[in-house]
Amino acid sequence: MELGIISHLEINGQDMTDYIRTPEPWTLDHLVHVFAQTKSRPGPLTDEGERWMDRQQTGKVMVVCTCGYTSGLIDHAALEDTVAALATEHAPTLAGG
Ligand SMILES: [Zn+2]
């Protein structure tokens, strides 16, 4: 006698089929982040003798995804095209799957 694949399991009248199903395979989550590169330096002394930091963007940005993708530093002008190109393959999966 040959047994087929078990497709239903009941224990003490309770449906336990979920326990014998093969779980779905894992897939990497995607969530794209953009980081702007900045630079800073101590500013001049104020009249009150305080010194603030001057900080500005360099014009370079880096696009990273939680799946491990990284663009490396790219020009800010290329950001829009880069993110648009990633939209399909790296569509967000963290918010509700
Ligand atoms: Zn990704």
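In this predicted model, a convenient place to enter the structure is the contact in which lysine 60 has aspartate 75, a residue of strand 5, as its bridge partner. A second such contact involves valine 61, whose bridge partner in strand 5 is isoleucine 74. Both belong to the region where strand 4, covering residues 51–65, pairs with strand 5 in the antiparallel sense, over four bridges. The two strands make a hairpin with four residues between them, and in its turn glycine 68 has a positive phi of about 115°.

Strand 5 itself runs over residues 70–75, and it lies largely in the open because, of its six residues, the number buried is zero, where buried would require 20 or more other C-beta atoms within 10 Å of a residue's own.

From here the reader can turn to the other partner of strand 4, which is strand 3, residues 32–45, paired with strand 4 in the antiparallel sense over eleven bridges. Within this pairing leucine 45 stands opposite arginine 51 of strand 4. Strand 3 and strand 4 also form a hairpin, here with five residues between the strands, and glycine 49 in that hairpin takes a positive phi near 80°.

Note on methods
Residues are numbered from 1 along each chain as its sequence is written. This is a predicted model: local features need pLDDT of at least 70, side-chain atom pairs count only at pLDDT 80 or more; totals for chains, interfaces and linings use all residues. A residue is buried if 20 or more other C-beta atoms lie within 10 Å of its own, exposed if 12 or fewer, and partly exposed in between; C-beta atoms are placed from the backbone. Two strands pair if DSSP finds at least two bridges between them.
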